[in-house]
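Subject: Handover of a structure, with findings

Dear colleague,

Please find below the structure that I am handing over to you. I would be grateful if you would keep it open while you read the notes that follow it.

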Amino acid sequence: MAHTYDDQNIFAKILRGEIPNSTVLETDHTLAFQDINPLAPVHVLVIPKGAYVSHDHFAAEASEAEIIDFMRATAEVCRMTELSLGVDGDGYRVISNCGADGVQDVPHYHLHVLGGRNLGRMVNTPD
Ligand code: 5GP
């Protein structure tokens, strides 16, 4: 199954500057910005600048430079938002949704960094 990338997705438009965003951090290969519909006091999206659809697509095909940059940027977001245990924060959750079962709305790889309150259990279970 191909990782077909749709360059009209909303995060591609943000990366091209066609839609504004509230930037938290920008590096060579990564952009972090505020989620437009925050689900917690801190809700930052971290995206690679490259055309990757999902976590596994990025993890398999991105260059080492892109992966290192992305991971370090995520760490910096956790530090900047004071969620990191390394700055005496109270912790956080990182989520990446993929495809239909993962209920992914935007088909450009992103991590949700959520925190600032207790986030409850990890996954809803069916009734
Ligand atoms: P997904 O369901 O794909 O994992 O999450 C997509 C996220 O993107 C959602 O949390 C949604 O609120 C956020 N989002 C959708 N459109 C925009 C937008 O135009 N700007 C920003 N900053 N976030 C967006």
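In which sense do strand 1 and strand 2 pair, and over how many bridges? Strand 1, residues 23-26, and strand 2, residues 30-34, pair in the antiparallel sense, over 3 bridges. The connection between strand 1 and strand 2 is a hairpin of 3 residues. To locate the pairing in the display, you may begin at E26, which stands opposite L31 in strand 2. Please bear in mind throughout that this is a predicted model.

**The chain as a whole**

The protein chain contains 3 helices and 5 strands. Their order along the sequence is α-β-β-β-α-α-β-β. The radius of gyration of the chain is 15 Å, close to the 14 Å that the globule rule gives for 127 residues, so the chain is as compact as a globular protein of that length. Along the principal axes, the C-alpha atoms fill a box of roughly 40 × 40 × 30 Å.

Of the 127 residues, 37% are buried. The accessible surface comes to about 8,000 Å², and carbon and sulfur atoms hold 51% of that surface. Among contacts with a separation of 6 or more, 54% are made by residues that are 24 or more positions apart.

**The nonpolar cores**

Which residues have the most contacts inside the largest nonpolar core? They are A32, V44, V46, V77 and V113, in a core of 17 residues. Strand 1, strand 3 (42-48), helix 3 and strand 5 (111-115) are the elements that give two or more residues to this core. Helix 3 gives the most, with 4 residues.

V46 is a useful residue to select in the display. Leaving aside neighbours within four places in sequence, V46 is in contact with T30, L31, A32, F70, T74, V77, Y109, H110, L111 and V113. A second core, separate from the one just described, has 7 residues, including F11, I14, F33 and V106.

**The aromatic rings**

A pair of aromatic rings is described by the distance of the centres and the angle of the planes. The whole structure holds 5 aromatic pairs, and two of them are described here.

The first to consider is that of Y52 and F58. Their ring centres lie 5.2 Å apart and their planes stand at 80°; since an angle over 60 degrees counts as edge-to-face, this pair is edge-to-face. Y52 and F58 are both buried.

The next is the pair of F70 and Y109. The centres of these rings are also 5.2 Å apart, but the planes stand at 35°, so the pair is tilted. F70 belongs to helix 3, whereas Y109 belongs to the loop between strand 4 and strand 5, so the pair ties together parts that are 39 residues apart in sequence. Are these two residues buried or exposed? F70 has a relative accessible area of 1% and is therefore buried. Y109 also counts as buried, at 2% relative accessibility. Ring pairs join Y52, F58, F70 and Y109 into a cluster.

**The loop between helix 3 and strand 4**

Three residues of this loop deserve your attention. S84 lies in the loop, between helix 3 (64-80) and strand 4 (92-95). With a relative accessible area of 18%, S84 is buried, because the cut-off is under 20%. Apart from neighbours within four places in sequence, S84 is in contact with C78, R79, G89 and Y92.

The other two residues are of interest for their backbone angles. Most residues other than glycine have a negative phi. What is the phi of E82? E82 has a positive phi of about 60°, although E82 is not a glycine. E82 is placed in the loop between helix 3 and strand 4, and its relative accessibility of 60% makes it count as exposed.

D88 lies in the loop between helix 3 and strand 4 as well. Its phi is near 65°, which is a positive value in a residue other than glycine. At 74% relative accessibility, D88 counts as exposed. The loop therefore holds both the buried S84 and the exposed E82 and D88.

Yours sincerely,

A colleague

Technical notes: Residues numbered from 1 in each chain as written. Predicted model: local features only at pLDDT ≥ 70, side-chain atom pairs only at ≥ 80, totals over all residues. Heavy atoms only, no water. Pairing = 2+ DSSP bridges. Buried < 20%, exposed > 50% of the residue type's maximum accessible area, 1.4 Å probe, protein only. Contact = heavy atoms within 4.5 Å. Core = buried A, V, L, I, M, F, W, Y, C linked by side-chain atoms within 4.5 Å. Rg over C-alpha atoms; globule rule 2.2 N^0.38 Å. Areas by Shrake-Rupley, 256 points an atom, 1.4 Å probe, with all protein chains shown as cover. Phe/Tyr/Trp six-rings, centres within 6.5 Å; stacked < 30°, edge-to-face > 60°.
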